[in-house]
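Student: I would like to learn how to read a structure feature by feature. Where do we begin?

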Amino acid sequence: MISNSFKTNELANYRLSIAPMMDCTDRHFRVLMRQITKRSLLYTEMIVAQALHYSNNRNKLLDFDEIEHPISIQLGGDNPNLLAEAAKMAEDWGYDEINLNVGCPSPKVKSGNFGACLMGKPKIVAKCIENMKKSCNIPITVKHRLGIDNLDNDDYLIKFVDTCAIAGANRFIVHARKAWLNGLNPKENRTIPPLQYERVEKLKNKRPELLIELNGGINTINDCIKTLKIFDGAMVGRAAYTHPFIWTNIDPMIFGETQDYQSRSKIIKKIIPFAQKNLENNGRLWDISKHVLNLIENIPNAKAFRKELSEKCQNSKADVSILKNIAQQLEDAGH
Ligand SMILES: Cc1cc2nc3c(=O)[nH]c(=O)nc-3n(C[C@H](O)[C@H](O)[C@H](O)COP(=O)(O)O)c2cc1C
């Protein structure tokens, strides 16, 4: 029995989370997602602890808007001291949680000895967790795979999780497939190794006292509801990024919250002040509009709307009048 046990909170934000995704879950996408769900836990893209240490522009790496809470920062790294320093910075910056990336198989991450290859070095992961726990008071979670290469069996997985739990990890997010570190690129590592939910379920059954979340191939709110019958949380990645509008009922259906009627035009109108603020900070309209594109699907003329948005917003001088205009057109068309 692991001494470090936590009680499941039925309404905890981690019941549904939007996965960390490089080049997708930037602060602009998170602001958009926040108009769709107030309760879900949002993750940053991975931020490398070493980059934070040497950066002379930490604001750029760490800044987020107050409305993004609850928000978890995902850190990458294998140096316990640098990770402890990064954890402290993240806590001071106001993040709600810290997540350690032990699931990314990209060659670049592997060459830095972190990400998924750390599944082969549980003692180092434990030391990283211990140091992070010592340096801050917010939860430290671990996102990992079922296994890597030939380290891919249930006993190894349980031992890995036990080692992290003893070190103080508060929750585990298991991407329910293994990763091949040689031979598959990151995209292939998200599709070719089969999803094996039953193995994550076995882990949860063997360690009922630990908080275990399922990730991988969860595509609808109904999938989440099914997931939550077994696991403590459901993490959604690609389906949330590519089809944000199908998630508008998360708050009522997963968290039991009441919610006003949501429409695409309302969501776009709500992000306009954030787009304006970004322009005032020398950003571009495209920063947020590129994520808005995915909101416009499954309606008549979606392709034409997306074309207009994409062409006009990519102009470096584009201002929020373009978003206002698109929102009005969508509203007039009943969306
Ligand atoms: C474009 C992209 C970037 C990703 N970047 C990260 C990352 O930075 N950190 C991480 O832990 N996982 C990353 N992932 C993996 C996702 O978090 C998630 O584990 C994976 O997509 C499986 O979930 P899904 O089937 O719901 O998409 C990324 C996935 C995609 C598609």
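**Domains, strands and the ligand shell**

Tutor: Begin with the interface between domains. This is a predicted model, and in it 12 residues of domain 1 are in contact with 13 residues of domain 2.

Student: Which elements supply at least two residues each to the side of domain 1 that touches domain 2?

Tutor: Helix H1 (27-36) and H10 do. H1 gives the largest share of that side, 6 residues.

Student: How do the residues of that side divide by class?

Tutor: They divide into 7 nonpolar, 4 polar and 1 charged.

Student: Where do the two domains lie along the chain?

Tutor: Domain 1 covers 13-255 and domain 2 covers 264-332. Their C-alpha centres are 29 Å apart.

Student: Next, a strand. Which way do the residues of strand S7 point?

Tutor: To read a strand, sort its residues by the side they point to, then check burial. A residue is buried if 20 or more other C-beta atoms lie within 10 Å of its own. In S7 (residues 212-215), Ile212 and Leu214 point one way, while Glu213 and Asn215 point the other way. All of these residues are buried, the charged Glu213 included.

Student: In which sense do S6 and S7 pair, parallel or antiparallel?

Tutor: Strand S6 (residues 171-175) pairs with S7 in the parallel sense, over 4 bridges. Opposite Leu214 of S7 stands Val174. Between these strands the chain passes through helix H8 (residues 197-206), and this β-α-β crossover is right-handed.

Student: How many bridges join S7 to strand S8?

Tutor: There are 3 bridges between S7 and S8 (residues 233-236), and these strands run parallel. Leu214 has Ala234 as its bridge partner in S8. Leu214 thus serves as a reference point: Val174 stands opposite this residue, and Ala234 is its partner in S8.

Student: Which helix belongs to the β-α-β unit of S7 and S8?

Tutor: Helix H9 (residues 221-228) does, and the unit is right-handed.

Student: Last, the ligand. How many residues surround the ligand, and which are the closest?

Tutor: For a binding shell, list the residues, then ask which elements they come from. Here 23 residues surround the ligand, and the closest are Ala19, Met21, Met46, Gly237 and Arg238. Strand S2 (41-48) and helix H10 (238-242) are the elements that give two or more residues to this shell. H10 also supplies at least two residues of the side of domain 1 that touches domain 2.

Student: What is the make-up of the shell by class?

Tutor: The shell has 10 nonpolar, 8 polar and 5 charged residues.

Technical notes
Residues are numbered from 1 along each chain as its sequence is written. This is a predicted model: local features need pLDDT of at least 70, side-chain atom pairs count only at pLDDT 80 or more; totals for chains, interfaces and linings use all residues. A residue is near a molecule or strand if its C-beta atom, placed from the backbone, lies within 6 Å of it. A residue is buried if 20 or more other C-beta atoms lie within 10 Å of its own, exposed if 12 or fewer, and partly exposed in between; C-beta atoms are placed from the backbone. Two strands pair if DSSP finds at least two bridges between them. A crossover is right-handed if, with the strands pointing away from the viewer, the path from the first strand over the helix to the second runs clockwise. Domain bounds come from an automatic or database domain assignment. Two residues are in contact if their C-beta atoms, placed from the backbone, lie within 7 Å.
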